[in-house]
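Here is a short briefing on the structure shown below. It covers the fold of one chain, the way copies are related, and one residue in detail.

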There are 4 protein chains.
Amino acid sequence: MKYAIILGNLGNTNDRFLSSGYKDQPSKEEMIKRAAAIEGVEGVELVGTWDITPENVEEVGGLLAKHGLKCASIIPDHFAQKRWGSGAFSSKDPAIRAQAVEETAKMAEAALALGCDLISLWPGQDGYDYCFQADYRQERLWIEEGIRSLCRQYPRVRFALEYKPKEPRTHSYLARCGDTLLVAQRIGEPNAGVTIDTGHSFVAGENVAEAAVMLSMYGDKLFHLHFNDNYRFWDDDMIVGSVHFAEYVELLFWLREIGYRGWYSMDQYPYREEAQGALRESVEFLKAIDRLLDQKSIGEIRELVRRGDAVQSTRWLRKRFLS
Amino acid sequence: MKYAIILGNLGNTNDRFLSSGYKDQPSKEEMIKRAAAIEGVEGVELVGTWDITPENVEEVGGLLAKHGLKCASIIPDHFAQKRWGSGAFSSKDPAIRAQAVEETAKMAEAALALGCDLISLWPGQDGYDYCFQADYRQERLWIEEGIRSLCRQYPRVRFALEYKPKEPRTHSYLARCGDTLLVAQRIGEPNAGVTIDTGHSFVAGENVAEAAVMLSMYGDKLFHLHFNDNYRFWDDDMIVGSVHFAEYVELLFWLREIGYRGWYSMDQYPYREEAQGALRESVEFLKAIDRLLDQKSIGEIRELVRRGDAVQSTRWLRKRFLS
Amino acid sequence: MKYAIILGNLGNTNDRFLSSGYKDQPSKEEMIKRAAAIEGVEGVELVGTWDITPENVEEVGGLLAKHGLKCASIIPDHFAQKRWGSGAFSSKDPAIRAQAVEETAKMAEAALALGCDLISLWPGQDGYDYCFQADYRQERLWIEEGIRSLCRQYPRVRFALEYKPKEPRTHSYLARCGDTLLVAQRIGEPNAGVTIDTGHSFVAGENVAEAAVMLSMYGDKLFHLHFNDNYRFWDDDMIVGSVHFAEYVELLFWLREIGYRGWYSMDQYPYREEAQGALRESVEFLKAIDRLLDQKSIGEIRELVRRGDAVQSTRWLRKRFLS
Amino acid sequence: MKYAIILGNLGNTNDRFLSSGYKDQPSKEEMIKRAAAIEGVEGVELVGTWDITPENVEEVGGLLAKHGLKCASIIPDHFAQKRWGSGAFSSKDPAIRAQAVEETAKMAEAALALGCDLISLWPGQDGYDYCFQADYRQERLWIEEGIRSLCRQYPRVRFALEYKPKEPRTHSYLARCGDTLLVAQRIGEPNAGVTIDTGHSFVAGENVAEAAVMLSMYGDKLFHLHFNDNYRFWDDDMIVGSVHFAEYVELLFWLREIGYRGWYSMDQYPYREEAQGALRESVEFLKAIDRLLDQKSIGEIRELVRRGDAVQSTRWLRKRFLS
């Protein structure tokens, strides 16, 4: 298991009530240093605008090398500038749609320059808030077209579409596992896939392990994974394992079964918590599960899911993990 | 707009606390008579076991003819017998899986005998309740295989898969629009499609109009529609329009845009209400919207969704409907 | 910790789709025998109509004695007969309201006859489904009046009001901890209190430990506890610990802090599970937590909640329980 | 009906992804001017720090007078500064708790200076995010103590506690109607009451009309009202009537029945909408309902809630409003 974190998780945090933030903003090198100091973390994800721009690729690459970290992915910025406010790939303004593609292309170049082949694409503003506000047919086509053109332009880069049911829009176009896989399929290129964020999947009402299996069996489309926890109603972006437990064990089991070889990347938003500790805690939680999921356990779980007896499954979980 | 109702909506209702029911059970003819007496209703949907069996096809056909109703669809029973309790198409028991297919085949025959080409398939027990209870990969394949075999055996019958996120299982396999469309696509036959139940779509967190558009644009797969209302957390199966309003107007607009020609069928569960009145009220609500959605309104909405200004959209809705 | 179960959990289970049930119904003695065989279980809760009537009190008492079980509480039936369908204590029909009180009085007599002083009152039909259907002011008063009269008539019996946000109505009058405590306060008798059902509290969006603390600090009103688990959107009545973990540990900590001395009673609905195993598993889960919550742990948690550092709290939980 | 708006609704909007905001920030006078230009709006609510400080009371008072607006309430800032990040009235730091009281006292002075007797208190940071993070007993006491001292210090000012289940914390202390009323009661002063925000009430799973009735009948504690709409899972702060309809009609009916004489104040967050238009649209929606709720309608609704027949209630609503 290769662990990563999203670099910005170590920075300042804000919300709509406290826009200047709950914390202070450390320097980029300080954040990279703190990331590298989390035992087990080998990579970081960089967010466009916030962490990486076409201008600072070399500088960031140098800092990563200095601290022994890989670039796990780049998340282009399609959400943190006023121009994306009413959509990026699905904007009603053709100039904005073109900029969304262009911005992504720059980040694909940056990724390649950093020896990374993964773009995790989260077009968070592509959605709508009210009824009678969106031309669903046209706007879904625009999203497909924009991303398809990127997949063709950068065949060596994998574009992983990250779904989330809502926020910042009340409805996102890439909302759930199934509909996002449909978009990836319609793009029709082998380098279009999906990112599962565990918290987004909880909010979508999904069983996250089933989502991973679906992506695997319907075209090997699970490209990337973000980990965090929440109370199922909102993307609280909490420490992994602070709310859920069984779901993560089951997910880790199925990730082995489907042969997932990508990153296990932490994506939290520690509004008020000391960030390095919050991220370390998530990694340690996953490591603890991983330790207990030995070959014997894997065999036992296979038998449990084959039998489907919930009493036995629950008992196994308790006996293996809680004692 | 062709209106229908599910016949059983006129019968007794029960829940897990009051299993003998809140009402008395009228005779089949009495229910058919009451259905026919709802102004505008031209068809009924029949549920297997409850309303129709291989043995009573002729009798039911006679009653429908007598009262001037068409069979809008048959919903085979995969939920109301003990044998389906742990799944029908995805049962771990191959004999049960075979029975699920066989039961559906009998209902396809019954439909054809009644001059109906639509099976609305709701495999409600096909899902799981607990973590480590299901082999998602294997069970999803079984569902595809079973339904594919039916589509091939009955090419003149359309099989519309009805999705619902939960109940009676905590997680259904056919849970949301996107994942159900994926199953329909993998079945790979032109007569595999999807039923949208507006209430199930609300519970899934979807915008139901967008769901309809997705099914249309990704392969013309919107085969059937069930109408009811709820508070978004559970399938309350209430009178249409008792909770939501704008969503239904938007849905009716988009159904015209995508050229939907199927039934508008009421699927309620009037636990404590006089059933005929509850169903009539839903039909009257949809008719009232339909009346106001004239050609001029359609043109205005097209312009609204092209512009995407939520203030104008909301104002239009208020001025057109509330005055 | 005194463990109990609701006797009917060991019986047949049904839902609105399968009203004849997923299982067979064992005899009363068989259920009592199975309850007694769950290690640690000392008491059972009896449901009116289903388990206990004025006529069979002696017989049931004999069976309990024979199998070494106490009557932990009686739950009068205000939900499982047609007459309660539109409300019991809040029915618009004065005759039904009188019957609701009378039925409860009979069960208070039965409880006293069985050496039990606890009535867990769940008026599940007292609520409403639609807007413009209820006179909130009048109906809330009727509920207060009915229960107040019972509290005065049976001063030696404690009446614990069980809240639940919804089901079987879309809105219950006794919906959440705070509003139910308000009703208990307005009743104005020392023997009116509250039952927390952990699953109902999850559905209400509450932190269940905070709910317990509120009841304790606002008048020592936590009279009784039901345990089960769910996915937060609906009362799934699952095995304790199958979804949540931290919440139960926190609850058990706070129950000690507030000096709770009542029952820890399992209230599940094992639709498809072997019931005895499902209940045993819940008890074993709570016992496992209880074992680890030793005096040292209690001291550590006190310090954690005093400091409020979520990283340290989460780390403590992981280190103490997951290894 | 006296309409007001929260002044800041006309300003810039941001979220955690776009902290610099979706819009530009107009000047204070410009915002006041725009508020005054919404037909029917007679007052504005001012937020501490953002709109009003001890230093600018006179200036703001002058601007309001110039544009013919009253100060409807002041909402002291307990959420928009770093120091409140881990709680204001319930902070574990006694200095912060003292500042929370002091800040409120200054705003009570400002209100009196502006001829206003209402403080709408929303202690949004008073809550917790994780299990084992809060001393529920102690922290609830601190909240009561702080607000009680304010109520006693300013007997001519009414302190209306605004509840909200979550955001910015995953759990708020003032979360739902019932628990907030309990806090108001424990404060024990006649000038402690409650603010209902319709959207917060939807998120809490409440029927908002029932919440208003509860506050009225349990001590005449409905002091203030905020209006907005959402999809029930999150505080989307949308245009009133864009999602719900029947709930607002029912609320307006019951507000008359209980004799509510306070403000009808709009509290929206028009992230991407032209703000003045979004607020005007809400006011116009409420006015349209108000026009149709004539004396005859009031009488008819009284009869409907007395009878409780959902079919008749729904029919009445359709016939009265949709035609």
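A residue counts as buried when its relative accessible area is under 20%. By that cut-off, 72% of the 323 residues of chain A are buried. The model is a predicted one.

**Fold and dimensions of chain A**
- Chain A holds eleven helices and ten strands.
- Its radius of gyration is 19 Å, and the globule rule gives 20 Å for 323 residues, so chain A is as compact as a globular protein of that length.
- The C-alpha trace of chain A spans about 60 × 45 × 40 Å along its principal axes.
- Take the contacts in chain A with a separation of 6 or more: 75% of them join residues 24 or more positions apart.

**Surface and charge of chain A**
- About 9600 Å² of chain A is exposed. Carbon and sulfur atoms supply 47% of that area.
- Chain A carries 40 positive and 48 negative charges. The mean positions of the two sets are 4 Å apart.

**How the copies are related**
- Two copies of a chain are related by a rotation about an axis and a shift along it.
- For chains C and D, a rotation of 180 degrees with 0.0 Å of shift along its axis superposes chain D on chain C, with an RMSD of 0.0 Å.
- These two copies are thus related as by a two-fold rotation axis.
- In chain D, D:Gly178 has the C-alpha nearest that axis, at 2.2 Å.
- Of the interface residues of chain D, 100% are also interface residues in chain C, so these copies meet through the same surface.
- Chain A is superposed on chain D by a rotation of 180 degrees with 0.0 Å of shift along its axis, and the RMSD is 0.0 Å.
- The same surface serves both of these copies, as 100% of the contact residues of chain A recur in chain D.

**A closer look at C:Glu103**
- Where does C:Glu103 lie in chain C? C:Glu103 is in helix 3, which runs over residues 94-113.
- Is C:Glu103 buried or exposed? Its relative accessibility is 10%, so C:Glu103 counts as buried.
- Which residues is C:Glu103 in contact with, leaving aside its neighbours within four places in sequence? They are C:Thr49, C:Asp77, C:Arg83 and C:Trp84.

How values were computed. Residues are numbered from 1 along each chain as its sequence is written. Chains are lettered from A and ligands numbered from 1 in the order in which they are written. This is a predicted model: local features need pLDDT of at least 70, side-chain atom pairs count only at pLDDT 80 or more; totals for chains, interfaces and linings use all residues. Side-chain values use heavy atoms; hydrogens and water are left out. Helices (H or I, at least four residues) and strands (E, at least two) are DSSP runs, numbered from the N terminus. The radius of gyration is taken over C-alpha atoms; the globule rule is 2.2 Å times the number of residues to the power 0.38. Buried means under 20% relative accessible area, exposed over 50%, partly exposed in between (1.4 Å probe, protein chains only). Contact means heavy atoms within 4.5 Å. Accessible areas come from the Shrake-Rupley method with a 1.4 Å probe; for residues, only the protein chains shown count as cover. Lys and Arg count as positive and Asp and Glu as negative; His and the chain ends are not counted. The place of a charge is taken as NZ of Lys, CZ of Arg, CG of Asp or CD of Glu. Copies are superposed by least squares on the C-alpha atoms of residues with pLDDT of at least 70 in both.
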